[in-house]
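Trainee: Could you take me through one part of this structure slowly, strand by strand? I'd like to see how a single piece fits in with what surrounds it.

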Amino acid sequence: MAVGAKAAVETRLAIQALRRYHRDWPVIVAGDRRVEGGRWKEFLDTKGGRVARWAKTNLNKLSPFDQTLFMDADTRVYADVEIGFRLLSNGWDMVMVPSLPQGGDFLWHCTEAEREATLIDIPIDPLQLNTGVMWFRKCTRVDRFFAEWRRQWLRYRDMDQGAFVRALNRRPLALFTLSKHFNGGAIVGHRFGACVG
Amino acid sequence: MLVRDWDEHGQLVTYHKGDWFRVVKRRARELLETGQVKIPGTEDAREAVVGDLSDAGVLIVGEGEKRTTEICGRYHLQHTTGEFPALPYDRTLIWIAGFPMTPQRAALGIVRVADSDKENGYPGWEAAAMLRGAGTLAKDIGSAEDKAGTLELFGDLRLAVYEPGAVWIRKTRSTNAMVEAWAGLLRDGVGSEHAFLRALYAKPIILCTLPEGWLASWIEA
């Protein structure tokens, strides 16, 4: 996803890094501009929030693929990442990585109102998942999840991860959890905040 | 129901179902009379938190567990023993003998795998399992054989490890298949953590991944 000049630079570098390990994988870049190495899909809708956040909740509509790996522009592939597709091929709906902040830091970056609403929604301590790297497949259950994610995001129109956790609680998925090496680690690096500003 | 009250620092705090907080007697009477709080330890308080558990039970895997009555008695959970994971109840806590457990954790996990969300009618989680703490990876545990088998499936051993000592599962076609696979790998001598991972790989289920340390964070209702 590339919205803005900084994100476009990061996306170009992210595609270059991906190509070192997966030369033939088709890449779609959604956003407000073309980026070298990817096929552009224009997406400008904000719904009163940030384009990139709203776009993330529409990934199932934006992706033409049966199986998709979504990556934030500020991620870098350092090794083979086919593992997610293997799991999807086996029938898992989605593959993701937990966020670093958990427990008392759960949804630290959301407003207090959204954080509180999320904790009320979910009867036990939830696992926060980082939406910067996600494998997902096309199926009815996943489509229903994304529809719920959009609905939850529209409540606050801010960050996407609180909405994600609330949506997942309502529309559970066969979601496999990988280690932090696959988002912010040795296999997929994550330059958090590199696209901001 | 939520209760909002002022804490000792003058901050307005929201308390959720299951929380403990201190109040003066007058305030306690007000809250009790309005039904916003219940006296803990009573049957209706337990039921309010966990609901009907008559379809649920605990399968203790292995020998030597001495706390069965303590763990199962509080919420009147049925229980049985077995050599390998299985699903003897509609909702089963598969508990490896000797693994830390409290009655509240046992019940709360079972609540997590209810078959549907009563409010929304959406299908619920089929299973709940906790991640093992301290960033434990598959490459850090098990025998060389265990690791080789897992590597062949996943292609990488830098995998998060689930905690197989306590897994809550609702009986469905998918979870039956997964548990059969899990038990089969254990019978073949595969180490506990690798067996669980490999069973998951091959037999997807609607799995609620609980955060590491979840078992330690339950507060008595």
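Mentor: Let's begin with a pair of residues that face each other: in this predicted model, B:L131 stands opposite B:Y162, which sits in β7(B). B:L131 belongs to strand β6 of chain B, residues 127–131, and its partner strand β7 covers residues 162–170. The two strands pair in the antiparallel sense, over five bridges.

Now go to the other end of the numbering in β6(B). There, B:A127 stands opposite B:L207 in β8(B). Strand β8 of chain B spans residues 207–210, and four bridges join it to β6(B). This time the two strands run parallel. So β6(B) has an antiparallel pairing with β7(B) and a parallel one with β8(B). If you're wondering what holds such pairs together, strands of a sheet pair through backbone hydrogen bonds, either parallel or antiparallel.

Is β6(B) mostly covered or mostly open? Mostly covered: five of its five residues are buried. For chain B as a whole, buried residues make up 48% of the 221 residues. The chain has seven helices and eight strands in total. Look at its contacts with a separation of 6 or more, and you'll find that 66% of them link residues 24 or more positions apart. On the outside, chain B exposes about 11,000 Å², with carbon and sulfur atoms supplying 51% of that area.

While we're on buried residues, have a look at B:D146 in helix α5 of chain B, residues 144–154. This residue is buried yet has no salt bridge. Why doesn't B:R198, the nearest side chain of opposite charge, count as a partner? A salt bridge needs a side-chain nitrogen of Lys or Arg within 4 Å of a carboxyl oxygen of Asp or Glu, and B:R198 is 4.2 Å away. Still, B:D146 does touch B:R198, along with B:G189, B:V190, B:G191 and B:H194, leaving out residues up to four places away in sequence.

Finally, hop over to chain A for another sheet. Four strands form an open sheet there in the order β3-β6-β5-β7, with mixed pairing. Strands β3 (67–71) and β7 (175–177) of chain A stand at the edges with a single partner strand each, so one side of each is left without a neighbour in the sheet. On average, neighbouring strands of this sheet are turned by 25° against each other, ignoring direction. Helix α4 of chain A (residues 83–90) packs on the sheet and touches β3, β5, β6 and β7 of chain A.

Definitions and conventions:
Residues numbered from 1 in each chain as written. Chains lettered and ligands numbered in written order. Predicted model: local features only at pLDDT ≥ 70, side-chain atom pairs only at ≥ 80, totals over all residues. Heavy atoms only, no water. Buried < 20%, exposed > 50% of the residue type's maximum accessible area, 1.4 Å probe, protein only. Lys, Arg positive; Asp, Glu negative; His and termini not counted. Contact = heavy atoms within 4.5 Å. Areas by Shrake-Rupley, 256 points an atom, 1.4 Å probe, with all protein chains shown as cover. Pairing = 2+ DSSP bridges. Axes fitted to C-alpha atoms, helices over the stretch in contact; angles between N-to-C directions.
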